[in-house]
Amino acid sequence: MSFAEGLLDGTGPIGACKNEPVFMWSLPMTVGNNFTLYIEQIYSYGNKTLAPIAERLSKKYNINPPLDPNLVPFLYYYCGFYVLQFNRTDTWCGLLSDDDLIVGRYFWDLRNYYQYSYGNPLNEQLGCAYVTQFVNSVEDYLNGKSRMVADLKFGHLFTEHIVLTTLGVFKPEYPLTADLTLEQMKSLKYIEQKALYWSSTIYFEIYTAPGKDTLLRLVLNFEPYIIPGCDEYCEWSSEGDELVYGPKFQSVTTPDPCDNYDFKETTDEQRGYILDMIAPTFRKILKKEISHFEYANLRKIPNREICQLCDSCETTIFSGYWMCCVCGKELCLSCYDEWDVGKKSKTITCSFRRPHNKEQMVPIYHYNKDIIQRILNETEQRMIENGDSMDIDEFSDSELPDDLPILEPPQMPEGNISGTQPNTELESQTVITDFESASHIEFQQESQQESHKESQEVSRQEYQQESHKESQE
């Protein structure tokens with residue numbers, strides 16, 4: 001703040017000194033110590049590499065209790081401080097050998113790699129907020145919407161790490177792990193002491209000239225640095241969609257690639273039959289999709305080989321949905337509308353068990369509005385032709401009562417002992433129209449079964465009597 005006060009004194013409209021207002025803005029913190037892989041790497045490095053140094057120093061200087069291995073990197077840190085401030089190497093630096101200094105330095109490189117850089121993929125997105133704000137401020141200046149010619153920001157070392165990681169610069173040739181050899185540690189190019197040291201600076205310079213393209217150059221510690229995909233100067237393009245904080249998908253104005261949709265051939269008769277069967281329910285879904293376009297301005301072309309499901313209710317997502325810009329969880333339109341932030345449910349669980357909020361959900365859609373509207377018009381036309389009611393909203397959300405009677409088909413007799421076939425004429429001609437007729441048929445069946453049992457009993461008794469007479473004779 002004091003730097004801005006001295007730099008901008010007399011250039012603005014405020015106060016007797018004509019100060020220029022300075023906007024204070026904070027970059028979100030990174031994942032910190034919640035990253036399991038980072039904790040594992042630091043723990044392993046301390047036990048395997050730092051422990052021998054701590055043991056040697058404890059014996060040499062009779063340190064009791066023994067020196068904690070995790071304090072060895074701080075000896076290197078204090079060594080650097082005394083060299084920088086007092087130009088002295090006979091204090092903390094005298095405790096460590098040249099190799100010990102490399103090992104102590106690598107601890108901080110390892111920490112920065114996992115906490116603020118490429119060791120965690122999330123860090124590649126954390127700088128999006130700053131980059132988006134920077135791009136929009138340049139666009140406003142180029143389009144005459146702003147008179148700001150310098151956007152100054154001050155931060156700690158980790159903020160610079162995050163911004164450069166988002167831009168894809170300073171990426172090491174191989175992942176930094178606890179088991180790197182001493183030679184590999186020495187060969188690292190992008191380390192804190194060489195690239196992002198105390199009081200380091202980052203400049204994004206914009207070059208404009210009448211009739212020529214606007215150019216961008218990254219200058220790091222007063223030396224030009226090449227952004228991946230560019231020469232020393234990058235061409236600044238104003239074409240395309242406005243940058244937003246969130247995911248980047250297919251342009252809203254770009255037509256669909258023809259090869260992205262591999263629909264199976266269906267006849268008009270088949271399409272008409274399917275639409276007739278689902279028209280009332282499908283119409284309600286389409287009307288909700290139309291309302292979603294009031295919020296959604298990001299489009300993602302669907303992958304026809306993947307069935308996209310809602311992460312809450314697991315129903316198929318048709319076109320519109322909401323996606324968390326942090327963890328990527330996807331919610332269908334119904335789950336988002338029914339989501340009560342004050343109640344606990346799986347809908348509100350984000351990464352690291354943090355609660356969701358609706359502000360971090362990004363509205364997205366698959367199919368353009370004109371396509372959804374065309375299908376809706378066709379659906380309503382089919383309903384009119386079939387005489388279906390268009391006013392289905394009043395009962396479409398209601399549930400059926402639980403006490404509805406269940407009708408089971410009557411069980412016809414399977415046959416009799418004499419080998420005659422069941423009476424199929426009755427089965428084919430009888431139509432159950434109400435519960436009374438159903439009960440009547442059931443009563444008839446029971447009567448027939450009783451009569452059949454009685455006739456079987458009479459036949460059995462007559463057979464026994466005949467057999468008894470024959471035995472007596």
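**Briefing: a disulfide, helix α3 and salt bridges**

Cys-79 and Cys-93 are joined by a disulfide, with an S to S distance of 1.8 Å. The model is predicted, and its protein chain has a mean pLDDT of 74, with 67% of the residues at 70 or more. The points below cover the cysteines, helix α3, the salt bridges and the confidence of the model.

**Cysteines**

- The count of disulfides comes to one, the pair Cys-79 and Cys-93.
- This pair links distant parts of the chain, 14 residues apart: Cys-79 belongs to helix α3, and Cys-93 to the loop between α3 and α4.
- The torsion about the S-S bond of Cys-79 and Cys-93 is about 95°, so the disulfide is right-handed.
- Cys-79 and Cys-93 are both buried.
- Cys-128 has a relative accessibility of 28%; because buried requires under 20% and exposed over 50%, Cys-128 counts as partly exposed.
- Cys-307, at 52% relative accessibility, counts as exposed.

**Helix α3**

- Helix α3 comprises the 15 residues 72-86; at 1.5 Å a residue it should span 21 Å, and its end C-alpha atoms are indeed 21 Å apart.
- Val-72, Pro-73, Leu-75, Tyr-76 and Cys-79 are the buried residues of α3.
- Viewed down the axis of α3, these buried residues fall within an arc of 155°, so they line one face of the helix.
- An α-helix has 3.6 residues a turn, so residues three or four places apart point the same way.
- The packing partners of the buried α3 residues are α2 (36-60) and α4 (98-115).
- Asn-87, just after α3, takes a positive phi of about 55°.

**Salt bridges**

- Eleven salt bridges are found in a search of the whole structure.
- Side chains of opposite charge can pair when their charged atoms come close.
- Arg-88 and Asp-90 meet through their side chains in a salt bridge of 3.1 Å, N to O.
- In that pair, Arg-88 is partly exposed, with a relative accessible area of 37%, whereas Asp-90 is exposed, with 54%.
- Arg-217 forms a salt bridge with Glu-205, and their closest N and O atoms are 2.9 Å apart.
- Arg-217 lies in strand β2 (residues 215-220) and Glu-205 in strand β1 (residues 202-207), so this pair ties together parts that are twelve residues apart in sequence.
- Arg-217 is buried, with a relative accessible area of 15%, while Glu-205 is partly exposed, with 23%.
- Arg-217 also meets Glu-232 in a salt bridge, at 2.8 Å, N to O.
- Glu-232 lies in the loop between β3 (223-225) and β4 (234-235), so its pairing with Arg-217 of strand β2 ties together parts that are 15 residues apart in sequence.
- Glu-232 counts as partly exposed, at 33% relative accessibility.
- A network of salt bridges links Asp-99, Glu-183 and Lys-186.

**Confidence**

- Among the elements of the protein chain, α2 has the highest mean pLDDT, 93, and helix α13 (residues 424-429) the lowest, 38.
- Over residues 240-248 pLDDT stays under 50, and the model has 17 contacts beyond four places in sequence for this stretch.
- Over residues 412-443 pLDDT also stays under 50, and here the model has 20 contacts beyond four places in sequence.
- Where pLDDT is low, the predicted coordinates should not be read in detail.

Methods
Residues are numbered from 1 along each chain as its sequence is written. This is a predicted model: local features need pLDDT of at least 70, side-chain atom pairs count only at pLDDT 80 or more; totals for chains, interfaces and linings use all residues. Side-chain values use heavy atoms; hydrogens and water are left out. Helices (H or I, at least four residues) and strands (E, at least two) are DSSP runs, numbered from the N terminus. The expected span of a helix is 1.5 Å times one less than its number of residues. Buried means under 20% relative accessible area, exposed over 50%, partly exposed in between (1.4 Å probe, protein chains only). The arc is that of the directions from the helix axis to the C-beta atoms. Contact means heavy atoms within 4.5 Å. A disulfide is a pair of cysteine sulfur atoms within 2.5 Å. pLDDT is the predictor's confidence in each residue, from 0 to 100. A salt bridge is a side-chain nitrogen of Lys or Arg within 4 Å of a carboxyl oxygen of Asp or Glu.
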